[in-house]
Structures are given as C-alpha cells and as structure tokens.
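This briefing covers chain-wide contacts, the nonpolar core and the ligand shell. Please read it alongside the sequence and coordinates shown here.

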Amino acid sequence: MTVMASTTTADTVRLRPWRSGDVDELARAAAHFSPNALAARFGAASTTIPDWYRAHIVEARARGRWNACVAHSGGHIVGWAEYGLDADPGHADIAALVGDRYRGNGLGTRLIKHVAALARSVGVHVLHAQIRVDNHAARKALYAAFPNLRQTELQDGQWHYAVDLPRAPNRPGPIGRGRPDDVTPAPRPPSSSRSRRGTRRGVDASS
Ligand SMILES: CC(C)(COP(=O)(O)OP(=O)(O)OC[C@H]1O[C@@H](n2cnc3c(N)ncnc32)[C@H](O)[C@@H]1OP(=O)(O)O)[C@@H](O)C(=O)NCCC(=O)NCCS
C-alpha cells in the first residue's frame, strides 16, 4: 500500500504481514506515535512501545497465538493491526495503532481488514475488540472495516465489540500471501488547514 501521508513529501506506506525482526523495529518506532496514541493503545501514557508488550509478542507469536499486519514507511513501522487468540482459538482480540501523521488515509481500516483475513485463515470465526467510549477514531475504523460489527456490552468505560467472520475456508488476500499491497492517494495539506474527510480524497480503494 502506498500512501502520500506527509504534509510536504510523498511517503510510501506499504502493508505487509508481520516478520520476526519487526519486534526489534518496534523499539525504534515510538517516535511515530504520540503519548496519547500510545495511551489509547496500551492503556497508560508512554513515550515508548512498552517492553512488556514486545515480550508478549515474542512469546505469543512463538506459540502461534499472535499475528499482525504492518504498515511500513521509510524503513520504519508506522502502524500495525494485530490479533491474539483467546483461550478458545476460534475467538481472537484485535487492536490497531497508526502513526499520528498517517491517520485519516484509511490505513487503520485496511490494517484491520487485513489482520481479520489473517485471523480467519487460521480458523478464527469471531473477533473481539474493546474500545474506550471516547475513542471515536477507533470505533469508526472498526465500523468501517466490519459492517456487521456488534456492540456486545459497555463495561468500565469501554465498548465491547464482536464481529462474526465467515467460517468458510479462507484464501487470504495478497497481504496474507506475503505480497505487498500498494495504493497511491493524493497528497494532503497540513492538518491545520484541512478537514478530516478531505484527507480521504484520492485514496485508491482498490484493496
Ligand atoms: C484507531 C486508529 C488505528 C485509526 O487509524 P486511521 O488510519 O486514522 O483510520 P482510518 O483512516 O481508516 O479511519 C477510520 C475511520 O475513522 C475516522 N476517524 C479517523 N480519525 C478520527 C478522529 N480523530 N475522530 C473521529 N473520526 C476519526 C475516519 O474518518 C474513518 O471514518 P470514515 O470511514 O467514516 O471516514 C488510529 O486513530 C489510532 O492509531 N489511534 C490510537 C490507538 C487506538 O486508539 N487504537 C484502538 C484501540 S486498540
């Protein structure tokens, strides 16, 4: 996927499946994410990708219980969406994080769709997500990715969502087979002078 996401230059953003070396790259990726974004994802304000989280990825991936789709640009990870299998491996939790200046280009929605296809390909038939009630971007990205999204409960300030995936044998899209998925949307002006909807114009919706 190619996204013109910079305010002044064209950045190539490519979506691809997670690779084992990515866990080390994550340690260097924090600069792309504001403390607020990291707090929304990890539940506590931070300026780094937490060590416990990277250790969790190594452990869960080694057991085949975790996978992700990565957005990569300029040699850096600028976003990813992940699933982690629940105790019942037909169910998985998903989450996503997109670099602040890359948002509003449809990247989060695409990452979520791709990681859903990865999960489905290993037998997951229900995805779950917990989103704080004030996290409008994440809720909209989920609804954009899954028209059949169900709100299941509201607990401790978080909406719980579920989405049923078809049980039929899955053929993952190009990302699932390891091929890049490139798109070239139009450049966007500085965030202070644009509407949010305007940033979506020019995004090639082919994937
Ligand atoms: C949630 C997140 C991944 C979305 O990434 P993104 O690349 O901006 O998502 P998209 O561009 O695909 O936008 C998805 C929808 O959300 C909307 N949206 C994006 N940012 C928004 C914002 N700040 N406020 C309201 N809506 C917003 C978009 O307009 C789009 O809706 P539409 O399809 O009706 O136009 C990103 O905001 C993020 O990383 N947030 C911090 C981490 C987080 O909260 N993760 C979720 C909890 S695990």
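Among contacts in the protein between residues at least 6 apart in sequence, 63% join residues at least 24 apart, where contact requires C-beta atoms, placed from the backbone, within 7 Å. This is a predicted model, in which local features need pLDDT of at least 70 and side-chain atom pairs count only at pLDDT 80 or more, whereas totals for chains, interfaces and linings use all residues. Residues are numbered from 1 along each chain as its sequence is written.

**Fold**
- The protein has 5 helices and 7 strands, taken as DSSP runs (H or I, at least four residues, for helices; E, at least two, for strands) numbered from the N terminus, and along the sequence they follow the pattern β-α-α-α-β-β-β-α-β-α-β-β.
- Of the 207 residues, 32% are buried, that is, with 20 or more other C-beta atoms within 10 Å of their own, these atoms being placed from the backbone.

**Nonpolar core**
- The largest nonpolar core (buried Ala, Val, Leu, Ile, Met, Phe, Trp, Tyr and Cys residues joined through C-beta atoms within 7 Å) has 41 residues, and Cys69, Leu111, Ile112, Val115 and Leu127 have the most contacts inside it.
- The largest share of this core, 7 residues, comes from α4.
- Val115 touches Ala68, Cys69, Ala81, Glu82, Tyr83 and Ile94, leaving aside residues up to four places away in sequence.

**Ligand shell**
- Of the 24 residues around the ligand (C-beta atom, placed from the backbone, within 6 Å of it), Arg103, Gly108, Thr109, Ala137 and Lys140 come nearest.
- α2 (35-42), β4 (91-98), α4 (107-121) and α5 (136-145) each supply at least two shell residues, with the largest share, 6 residues, coming from α5.

How values were computed:
A residue is buried if 20 or more other C-beta atoms lie within 10 Å of its own, exposed if 12 or fewer, and partly exposed in between; C-beta atoms are placed from the backbone. Two residues are in contact if their C-beta atoms, placed from the backbone, lie within 7 Å.
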